[in-house]
Amino acid sequence: MATLLNNASAPYFFLILSLTTIILSFSPSHSSDPDPLQDFCVADLNSAILVNGFPCKPASKVNSKDFISYVLAKEGNTSNVFKSAITNANVQAFPGLNTLGISMNRVDLAPGGIFPPHSHPRSTEAGVVIIGEVLVGFVSSSNVLYSNVVKAGDMFVIPRGLVHFILNKGHGKALTISAFNSQGQVSSVVPNILFGSKPTIPNEVLTKTFQVSESVIKSIKSKFAS
């Protein structure tokens, strides 16, 4: 099993990521989730009740293991067209986060890998590069691109809801870890939405949008069929 980080990158991880987590956890003005009404509310993922979040497990069934997760410890599988893997530590993967207004993710990038343009509609992202060198960029609502090459130990921030990307610019693997001010952060990946939705967006809409032939749209959709 691959480990999260090596000895050289450990100081960056514990110093910078701890500060990121503290800032997001204790700044109510930056939280996109409602404030909790109790000390904790470990999610009952099997409940038939649907609410904005998850119901709490009975306190009598909560134990210390509900407040620890190993989901980010394993390297993701980058054997795909984008050469990247995203591992989410949100409430669905770590029920102890329920009502706490914070979550994290791990992005693994093989050489040449990309986390393609995407957005996080529910949260701002504050990340740190653990291994490698990546190009991080986002586009503002004024259609302006802001981008930087970010190296191990450096932080980056992505404002809530803006389309952004992460591209591995190094010769080896790259790894980033990010914190989000929402327990239920999700990634809306632009190419997956446009060409892989179910049911699919009508070809006529996409041909008129991108000003290309229907054969081009069909060819792109075929890559996202699975």
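Accessible areas here come from the Shrake-Rupley method with a 1.4 Å probe. By that method, the accessible surface of this protein, a predicted model, comes to about 12700 Å². Carbon and sulfur atoms hold 59% of that surface. The protein has 226 residues, and 39% of them count as buried.

The secondary structure consists of 4 helices and 10 strands. Along the sequence their order is α-β-β-β-β-β-β-β-β-β-β-α-α-α. Among contacts in the protein with a separation of 6 or more, 71% are between residues 24 or more positions apart.

Strand β5 serves as an example. This strand covers residues 133–139, and because 5 of its 7 residues are buried, it is largely enclosed by the rest of the structure. Strand β5 pairs with β6 and also with β8. The table lists the two pairings.

| Partner of β5 | Residues | Bridges | Direction | Residues facing each other |
|---|---|---|---|---|
| β6 | residues 145–151 | 7 bridges | antiparallel | Gly137 and Ser147 |
| β8 | residues 164–168 | 5 bridges | antiparallel | Val136 and Ile166 |

On the β6 side, Gly137 has Ser147 as its bridge partner. On the β8 side, Val136 stands opposite Ile166.

Strands β5 and β6 also form a hairpin, with 5 residues between the strands. Which residue in this hairpin takes a positive phi? Asn143 does, with a phi near 70°.

Terms used:
Residues are numbered from 1 along each chain as its sequence is written. This is a predicted model: local features need pLDDT of at least 70, side-chain atom pairs count only at pLDDT 80 or more; totals for chains, interfaces and linings use all residues. Side-chain values use heavy atoms; hydrogens and water are left out. Helices (H or I, at least four residues) and strands (E, at least two) are DSSP runs, numbered from the N terminus. Buried means under 20% relative accessible area, exposed over 50%, partly exposed in between (1.4 Å probe, protein chains only). Contact means heavy atoms within 4.5 Å. Two strands pair if DSSP finds at least two bridges between them.
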